[in-house]
Amino acid sequence: PADMPTAVRDALTALHNAGLKLAVGSSSKNAAYILERLDANRYFDAVCDGTMIAHSKPDPEIFLLAAEKLGTDPAHTLVLEDSYNGVRAGAAGGFVTVMVPDLLPADDEMRGLYTMECTSLNEVLAKLKTGEL
């Protein structure tokens, strides 16, 4: 299988071990295949991808489907996103939306939409542990 970055694997392990329900909500049509190649399926309670929806991000459909599969209310469900359209979708769906910028930094629009910005998955984990998220 392909390699998953250690920081991502460590974060997924910590979240899984904390007993949190985890889902993937990706507009990509090959998300399930990628997770399988990364040997990451075991971390997730639900995987929702572009083959299951009619509308891609910024439409919140993928996140709403993931929350439904998890049995969670969007207002109490965390969406982690690195893309503008993902942040737009999380906010539009009423989710607690955290941006962890990757290729593009947060701009004024994103700051007006997301709940919080974190610089890394480690920061997200720390804020979950302290109750800030």
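**Sheet, crossovers and principal pocket of the predicted model**

Asp-39 is found in the loop between helix 2 and strand 2, and in this model, which is predicted rather than determined by experiment, Asp-39 has a positive phi of about 55° although it is not a glycine. A further backbone feature is located in the loop between strand 2 (46-48) and helix 3, where Pro-58 has its place; the peptide bond that joins Lys-57 to Pro-58 is cis, with an omega of about 25°.

Three strands form an open sheet in the order 3-4-5, and their pairing is parallel. Strand 3 and strand 5 occupy the edges, each having a single partner strand, so that one side of each is left without a neighbour in the sheet. Between strand 3 and strand 4 (residues 96-99), the parallel pairing extends over four bridges; within this pair, Leu-78 stands opposite Val-96 of strand 4, while the bridge partner of Glu-81 in strand 4 is Met-99. Strand 4 is in turn joined by two bridges to strand 5 (residues 116-117), the two strands running parallel, and here Val-98 has Met-116 of strand 5 as its bridge partner. Strands of a sheet pair through backbone hydrogen bonds, in either a parallel or an antiparallel manner.

The connections between these strands are helical. A right-handed β-α-β unit is made by strand 3, helix 4 (residues 84-92) and strand 4, and the chain then crosses from strand 4 through helix 5 (residues 108-113) to strand 5 in a β-α-β crossover that is likewise right-handed. With regard to packing, helix 4 lies across strand 3 and strand 4 and runs at about 165° to strand 4. Helix 6 also packs on the sheet, where it touches strand 3, strand 4 and strand 5, and the direction of helix 6 makes about 160° with that of strand 3.

The largest pocket of the model has a volume of about 1,400 Å³. Its lining comprises 42 residues, of which Leu-12, Ala-23, Val-24, Phe-44 and Leu-80 are the closest to the centre of the pocket. Two or more lining residues are given by each of helix 1 (6-17), strand 1 (23-25), helix 2 (31-37), helix 3 (61-70), strand 3 (78-81) and helix 6 (121-130). Strand 3 thus appears both among the elements that line the pocket and at an edge of the sheet, and helix 6, which packs on the sheet, is also one of the lining elements. When the lining is divided by class, 29 residues are nonpolar, eight are polar and five are charged.

Key
Residues numbered from 1 in each chain as written. Predicted model: local features only at pLDDT ≥ 70, side-chain atom pairs only at ≥ 80, totals over all residues. Heavy atoms only, no water. 1 Å grid on protein atoms, 1.4 Å probe; cavity = no way out; pocket = protein on both sides within 12 Å on 5 of 7 lines; lining within 4 Å. Points joined across faces, edges and corners; volume = space filled by probe spheres on them. Nonpolar A, V, L, I, M, F, W, Y, C, P; charged D, E, K, R; others polar. Pairing = 2+ DSSP bridges. Right-handed = clockwise from strand over helix to strand, strands pointing away. Contact = heavy atoms within 4.5 Å. Axes fitted to C-alpha atoms, helices over the stretch in contact; angles between N-to-C directions.
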